[in-house]
Structure formats: C-alpha cells, structure tokens
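I opened my notebook to look at how two chains meet, and then at one sheet with its helices. Here is what I looked up, entry by entry.

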Amino acid sequence: MPEKVLMKGNEAIAEAALRAGCRHYFGYPITPQTELTAYMAKKLPKMEGGVFLQAESEISAINMVYGVAGTGKRVMTSSSSPGISLKQEGISYIAGADLPAVIVNVQRGGPGLGGIQPSQSDYFQATKGGGHGDYHLIVLTPSSVQEMADLTSLAFDLADKYRCPAMLLADGTMGQMMEPVALPEEKESGIEKPWAVTGTQMKREHNIINSLYLSPEVLEKTNFERFERYAEIEKNEVRYESYMMDDADYALVAFGIAARVAKNAITAMRKEGLKVGLIRPITIWPFPKKAIREAADKVKGFVSVELSMGQMIEDVKLAEECLRPVVLCNRAGGMIPSVDQIIKVTKELAEGGKN
Amino acid sequence: MTTQILIAGFGGQGILFSGKLLAYKALSEGKELSWLPSYGPEMRGGTASCSVTISDEPVGSPIIDNPDVLIVMNLPSLDRYESTVKPGGAIFVDSSLVGRKVQRKDVEAFYIPATKIAQDIGASNLANIVLIGKVLKDSELSRGYLEEALKKVVSAKHPEMYDLNLKAIDAGYNYIEE
Amino acid sequence: MAIVFEKPKSLTSKELHYCPGCPHGIIHRLVAEAIDKLGIEGRTIGVAPVGCAVMAYDYFSCDMVEAAHGRAPAVATGIKRALPGNIVFTYQGDGDLASIGMAETVHAATRNENITIIFVNNAIYGMTGGQMAPTSLPGQVTQTSPYGRDVKVAGYPIKVCEMLSALDAPYYIERVAANNVKNVLKAKKAIEKAFRNQIEGKGFSLIEVVSACPTNWGMTPQKALEWVDNNMIPYYPLGVFKDKDQEAKA
C-alpha cells in the first residue's frame, strides 16, 4: 500500500491522470475545478512530451482533445457545468468518431450561469446524451478523493478499451475537499491503436478520423456497431457499492457527495431501529439496473437522494419496474441534502408504507 | 471516535490553513479525515469557513451540520454558528476580535485574545495558529504529531515560518485565561 | 515517352464531388503537389472542414481528420502538439474559418501554432446552397441576402489576412487567387512556402486563396473567374501581408 497523501479532489484527478500516462491536457478556467487546470499547468510542461494548453474556449479545448485523441495518445479536459455544455458538440464528435478521451465535470448548480456550489444536476446531460445523436459516455461518479484518483485512472482504461469517451462526473464538494489518498501506480495505455492518425509513413493506407456518413445505410450500421459495444459495456462495466443492504427494509440510492451524507443518515436511522441501506452507483452509465431490481424484491421502498430536481430517480424507477414506491429527497442550486432531511423523507416513506 | 471541527472567520485570516494543519496532524496520526473549505469569491474578504472531520472510522459526509468544536475569528461567525454546536461541545473565540461572550450554557467556551498575542510575539498574521494552540490544549485533540503536520503545511520556501508557527502554537497552548 | 503530367501522389484516385468549374480541385492539387515536392506525405496529417471541402479526407492520401464546423485549427493544434514531428494542415472555407471558427483561427495564429492553413475564400456558403458568407461582398446577392448584402444590416466582409497580420505572432500570411494561370502559379509557390515554414519550425502560415463558386454565384465558370478579377480581388487585394522571413531581412 503506497503512503497516503492529503490532496484536494481536483488535484487527485490531475495526478491520477498523469500517472495513467496522460500527457495532454486542454482546459479553460472555471470554478470549482480550476485547481485541476492549475495542477496540469504546473506539472505537464516539466514532463517529457507533456502538453498543457489553456484554450481560448471550452469549445476549442474539446476540439484539441479530439485532435490528440485521433493520434491515439491519452488526453483529458476538465470543466464545470456551463463549460461542459459548451463542450457537448465536441463530445458528440469524439463519440461519433469512436475516439477514447476523458472528460471531467466538477458540477456546479444551474441552469444558465447558475452558481458555483456543488450540484448533480448534469446527470441527464451526462447519462442521456448531452450532445446530438445516439451515443453514450461511460460515466463514473466518485464519492471520495480516493475515488477521484482511482476512477480517473479507470476512465482512461475503459475509454481505450471500448474506444469511447469516458466522463468523470464529480461535484464542487468532491473537487474542493481534501482527504488522504493512496495514488495509483504509474501506467501506460498498453492498447494498440492501429486506427490512429500518426502519418502513413507510406506503409499503409491513410487512416481517417471521421463521423460523417452521408449514406444513411452506412451511418445506421455505425450506430448499430457502436451500440453492440455499449451492450458489452453494460455487461462488463457496471459498478456500484452496496452498503448495509443485507437486512435493509428501505434503500437509499445516491452517488457522489449525496452518498456520503446518506451513509451518515443510515447510521443514525439504524440507531433508532430503522433498517436502511444504500445502493451507491459508481457508474451511472451503465446504471446498476440489476442491483436496483434485485433490491426491489427485498425492500419496501427507495429514496433517491440527489443534488438536483430529481434526475437519477427516473433511472431508479425504470430499474425497479414499479415494484416499490420511489421517493425523492433532494436539494438544488448548490444546496446539499442534510442528514435530517434524509431521515425525515425516509421515515415518511416508512410510515406511509404502513398505512 | 469522531471529532467534527468547524473553523470560521473572515477570508484572509488563514481559516483554511488552520484546517489544513489539523488535517495533516490527523494524517500523521494515521487517522481518517476530511477537509472541506467554503469556496468561491467569499475566499477574498467575505466569510470563510473550513470543516475538518477527524475519526477512527472512515469519514461519512465531510459536511458538518453540528460541530463538536467551533473556532471563530469574527463576530458574524459566532452569531451564525453558535447554535449549531453539539451540546457538550466547545467553542473557541478570538476575544481580540469578538466582543461578546458565548450565550449557550450547554457548551464549553474558551476565550483567547489570539490576535493580540500574535502581535505581541511578532507573528501578527498567525492569530489563527495561536487559536489552534489553545484548541490543542483544551479540546479532545492532542498536541501529538503537531510538528510533523507543521512541516507539511509550511512552505519549504519559507523555513523560518516553521519556527514562527511553532512559537504561535506554544503561545496559544500556554495561554492562561484571566 | 516521358510523362510530363500526372496526378500528384498525395491525392487518392477518388473522384472529386465538386461542381463543374469549381477551383477546389485546383487548390487540392496545389496542396498535394506541395506535399509531394517536399516529400512529407508519410508524416502529414490533414484536417478537413465542414463546408464544400468536407470530404477532403477522401481526396488526400495522407492521414486525415474530419473536424466540426470551424474547429479545424483547434483540432490541428491538438494533433501538432501531440505529434510535433508530423506536418499538420487544415483546409477550410470562409464560413468555417472566418465565421463560426473565428476564435479558433485567431488564437491558433496568436499562438504562432506551427501549422499550415489553406483558407479558400469564395464569398459564399457553397455546400448549403449559396448563403451569405462573412466574406460576401457588399451588395452581393445570396440566398440569405436576396436584396444584396446590406452592410447596415449584415455588416462588412471580414478581411482575414489584414486582420490576422495585425497580430504579433503569426509567421506568414499571404493572399493568392486561383482564377488564372499566373495566379495559380503564385498560389502554388505560396502554399509550398507555407508547408516549408512548418517543416522548418517557423510557425503559423495561412494562405488565403481567393476562389470562385460558379454554381452559387449563378455564373458560367468563365464568368466566375472574371468576377474574381473584377470584384473579389479589388476588395481582397493579393499579396504578402506578413512574412517574418522578410521582416528578419529588413
């Protein structure tokens, strides 16, 4: 076990990316993720082959990412909600051209310019598309600074493995807080990328990085093939934490900072004799549908705890197939549900269930 | 055991730095911890706060609704957070800057003119550290591993600051309330 | 029998989709000839735009990337930074480069990004069927300026070379035309120099090629080429706007 160091979540992401062999970063300052950009600005110019560039806009940054991704090298950009909206065009192109890249969203409250306090209101954007067209991102949601590092490292591997963009969906709290973290080992991609544009060296046909197919038959085929890959991802890459679910009568569903608060609420409720557990999605695409569905056979109801007006709750309802009531416990606009609020909503669900 | 500490004051008083010192102390002790700052424009001049949770168990939420220990460096912070402290908890007040006393009877209150003491020892911007010295003496936190933590938070570029910080800690630690 | 004329190696055998009389074919050829002459095909990566030249990735035999509308200079920046030993060029039209992609253009220039940009200015959006471009001339009739470009409403055309040459950073900016033999020969030299600059690590080179769009201008190819002489070139004078080689000598 490597020695633990104390780091901000944003810095842990940056350091983990470097250790995953990422030497190319393009960004634009925005609160609350700027420490990540600053960390890269400090480290990359001192590293062999390291490229840090502050782009003229989020749009340019994601297109620089597209360029590097086409060369087969590991590349990352990061931003916060309004900046991620600007990147959507590029993300759609990256998905359409089947390129691996890592995009970090340290979410803040919205819509519009919104605020700078933590939020999870980009859930729909991250999991249901964001940009135009039929595509998915692999979306990982860290719930500790340790996971900020570990899931960043994993994001690079999954992006390479499945040739698709992966997103780390964090929030302002995760980005700003410090916790002890054991940093992942140095590694490299290790995946061959014969499709990359690196110059033909006059030894092969030219490679083309492209998402344009004017023939609808051909375009449809690329979509079908991409979704076969997505099916593989859904089969292999679902990740979640099951916390005190063995004997639970009620299940909280929460990710990121909401899951941390939920655990405190569970401790308090169990002291009072209310058996509550937590299903914490670590991937929100693919969503842990099976875990929710199986829980529905055992529990009497679900509480979706979110920093949004209720976005993940739709996936929870779809997954549990109308077997149990699903209620929302939420705050929005940069506010965070409190332990007391979670207890209150869960108790209301429990009492309602008795009637 | 879990101790939740909330430090609050004006931006620029070193609120986040004091929190960092406690966080590094906990790390050196091999404890679990989280450190969560308030962030944004308020870091410059407005109210700043920092939540530090230190525990023998993995830390749940890093957000502190009801601190065991409240450290305040201005009046608005005392006004805002006094009622949130857990019964039986402790409030540490920089009495150079906060005119009033703690109203609650179910918490322990400690007063130390940290800003004045800091000026007296030639470390006028280390009132926050003087306060931490007092906290280490009178709260459930101990002084152990303080030196290790200080080494980590004081910039290597300014080694002289290490001695000055240590002096500030001692000044707070050895202060006897009148 | 000696071969005196053949297709450049850097062009594929794919048939061009351009309209009859469109100078894009000539300009593609000039780019390919430059790549051939400099012997860089194996390490060149091209970036295609959105616009008439969107399928340029099928025509150049080097590795190619298709960029989103206007983003080619940013994409090229990413590629060049990742592979500094390779030669990276973009091929863009006026809507792509001077309207939706203006920020990318200006910032690549001001970073003196070591890339080559071929900017084809035909004063109209061709692919979408003839709408007003940022470079459409005052009074020019297009689908979206049916009464002629009214500068009070739509503003004036953007003179890209003049604008970019006001920046300190870019290395080489020249405007050429592809409407007659003399001009095409000059264009060929300029494009070659723009690639050579990159090989020598000198930095940002942009060649604006004043071109024609017979189809959307509603003219015969012959008339369109004359219109370039009589209307385009007076507004967009040809010449070198910035060349740090010359500045160094002076």
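Before counting, I took two residues to be in contact if their C-beta atoms, placed from the backbone, lie within 7 Å. I also kept in mind that this is a predicted model.

**Entry one: chain C against chain A.** I found 29 residues of chain C in contact with 32 residues of chain A. On the chain C side, the elements giving two or more residues are strands E1 (44-48) and E2 (63-66) together with helices H3 (72-82) and H5 (102-110). H3(C) gives the most, with eight residues. I then sorted the residues on this side of chain C by kind: 15 are nonpolar, seven polar and seven charged.

**Entry two: strands across the chains.** Which strand of chain A pairs with E2(C)? I noted strand E9 (residues 208-209) of chain A, parallel to E2(C) over two bridges. Here Ile209(A) has Val65(C) as its bridge partner.

**Entry three: a sheet in chain A.** I followed an open sheet of five strands in the order E10-E12-E11-E14-E15, with mixed pairing. Its edge strands are E10 (240-243) and E15 (326-330), each pairing on one side only. Direction ignored, neighbouring strands are turned by 20° against each other on average. Within the sheet, E11(A) (residues 250-253) and E14(A) (residues 301-306) run parallel, joined by four bridges, and Ala251(A) stands opposite Phe302(A).

**Entry four: helices on that sheet.** I saw H10(A) (residues 289-296) lying across E10, E11 and E12 of chain A, at about 160° to E12(A). H11(A) (residues 312-320) lies across E11, E14 and E15 of chain A, running at about 160° to E14(A).

Terms used
Residues numbered from 1 in each chain as written. Chains lettered and ligands numbered in written order. Predicted model: local features only at pLDDT ≥ 70, side-chain atom pairs only at ≥ 80, totals over all residues. Nonpolar A, V, L, I, M, F, W, Y, C, P; charged D, E, K, R; others polar. Pairing = 2+ DSSP bridges. Axes fitted to C-alpha atoms, helices over the stretch in contact; angles between N-to-C directions.
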